[in-house]
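Biologist: I would like to understand the words people use for a model like this one. Could you take me through them?

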2 protein chains.
Amino acid sequence: MTGIDSTPLSSTTRTTLGRYPDRARTDRRDLHAVLDAGVVCHLGTVVDGAPLVLPTSFGRIGDTLYLHGSSGATSLRAAAEGAPVCVTVTHVDGIVYARSVFSHSVNYRCAVIHGVALRVEDEGQKLAGLRALADHMAPGSWEHARGPTTKELAATVLLSLDMVEASVKVRTGPPGDDEEDIASARCWAGVVPIVTNWGAPQRCPRLPDDILVPDHVAHRYSARS
Amino acid sequence: MTGIDSTPLSSTTRTTLGRYPDRARTDRRDLHAVLDAGVVCHLGTVVDGAPLVLPTSFGRIGDTLYLHGSSGATSLRAAAEGAPVCVTVTHVDGIVYARSVFSHSVNYRCAVIHGVALRVEDEGQKLAGLRALADHMAPGSWEHARGPTTKELAATVLLSLDMVEASVKVRTGPPGDDEEDIASARCWAGVVPIVTNWGAPQRCPRLPDDILVPDHVAHRYSARS
């Protein structure tokens, strides 16, 4: 393990798991993997003393996370003003059917990042961050589609969040029933996986007939698991 | 429209959408539909002044949401102490490829509930709430698997949240490009759907061979979309 990827995740109080510590992953590559596999994150902010949790797209360059939105959006505005944020990306991989109701669980991968976001003002960094967002959500679109105008850039707030304080928690595998239940129970136990896939591309009804699905779009459907 | 289902959603400041108000759904049945289709929610709390967003399972009885967890979990503890919470359930339905990078979007359904959760102490309500959680996550398991013991019940905190203040936001359909881009662009535009399905049940390796997959489990896989 060399380079930034081998830097372990933080071990502050709020990133050290109190429960099921065996589910913690402490390699920074695990953080990247959970983020890169996600489409949206849930951004948590505090507005007037109350939590606000909203889904939003994101991008990543190394250990910096980028979030964007309209300059009018409440949660973006709160985050841009230097208030602490929490960004969570979760994949639900399956339902764990145990021999007891109590031991039922969910297989999942979850990354949680804590920090204070900064508003990106530098034009070069803003373009790079927005490109990271586009590359994450729709790889290939930055080159294929029309790029942002000065007016569109001005209407967009870009936030950066250094992923210094983060935790990753993963549950995989069969149920963790008590030995007593395993020995005596006569009910089914196992996992029902949840599988997420790309569907076949749907053309915009207003698209000219001669514009075919480009490779960077077709690839998602054809490469589905 | 009659009964509780026709009660419109709230129209407080934080549940009234400032941006894309046309994406708002104000029928309580839309809230129920988004929740019932979700496996986990993201629970937002405020801990030491900072937001904490964690995924957790949930259940619903009418307009009451139930959350549970270990009595030792930080976010549950914060929520049980009467602090405001935000519960968000999001479905990501597709990536919207627009003619401009700026108009790229995500098709989604999202429910956001604001309120103060109450710790359920009444034994009858606690059992009903836990059953709602089990019925939501693994329908049929409450009857099939071993029920909770007194000790397991004591180790579980159940919270109830009245869904008085809630909002639902839904985006569907093709990209919303500017007319100018629609007229002139030569790039592909449309939607790549994201499809979530149940996979084939995986037996616990320690399950006796003669215990077959019961109907309530097999049903999920066979009824997949």
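Modeller: Here is a short conversation about the terms and what stands behind them.

Modeller: This is a predicted model, in which local features need pLDDT of at least 70, side-chain atom pairs count only at pLDDT 80 or more, and totals for chains, interfaces and linings use all residues. Residues are numbered from 1 along each chain as its sequence is written, while chains are lettered from A and ligands numbered from 1 in the order in which they are written.

Biologist: What makes the relation of chain B to chain A that of a two-fold axis?

Modeller: Copies are superposed by least squares on the C-alpha atoms of residues with pLDDT of at least 70 in both. Here a rotation of 180° with 0.0 Å of shift along its axis places chain B on chain A, with an RMSD of 0.0 Å. That is the relation of a two-fold axis. In chain B, the C-alpha of B:Thr196 comes closest to the rotation axis, at 2.2 Å.

Biologist: How do you know that the copies meet through the same surface?

Modeller: Two residues are in contact if their C-beta atoms, placed from the backbone, lie within 7 Å. The contact takes 82 residues from chain B and 82 residues from chain A. Because 100% of the interface residues of chain B are also interface residues in chain A, the surface is the same.

Biologist: Why are S10(A) and S10(B) called paired?

Modeller: Strands are DSSP runs of E with at least two residues, helices are runs of H or I with at least four, and both are numbered from the N terminus. Two strands pair if DSSP finds at least two bridges between them. S10(A) and S10(B) have 5 bridges, in the antiparallel sense, so they meet the definition. One of the bridges joins A:Val195 to B:Asn197. S10(A) also pairs antiparallel with S5(A), over 4 bridges; there, A:Gly94 has A:Pro193 as its partner.

Biologist: What puts the buried residues of H1(A) on the same side?

Modeller: A residue is buried if 20 or more other C-beta atoms lie within 10 Å of its own, exposed if 12 or fewer, and partly exposed in between, with C-beta atoms placed from the backbone. In H1(A), residues 28-36, the buried ones are A:Arg28, A:Leu31, A:Val34 and A:Leu35. They cover an arc of only 120° around the axis, which puts them on the same side of H1(A). The arc is that of the directions from the helix axis to the C-beta atoms. These buried residues pack against S3, S5, S6 and S9 of chain A.
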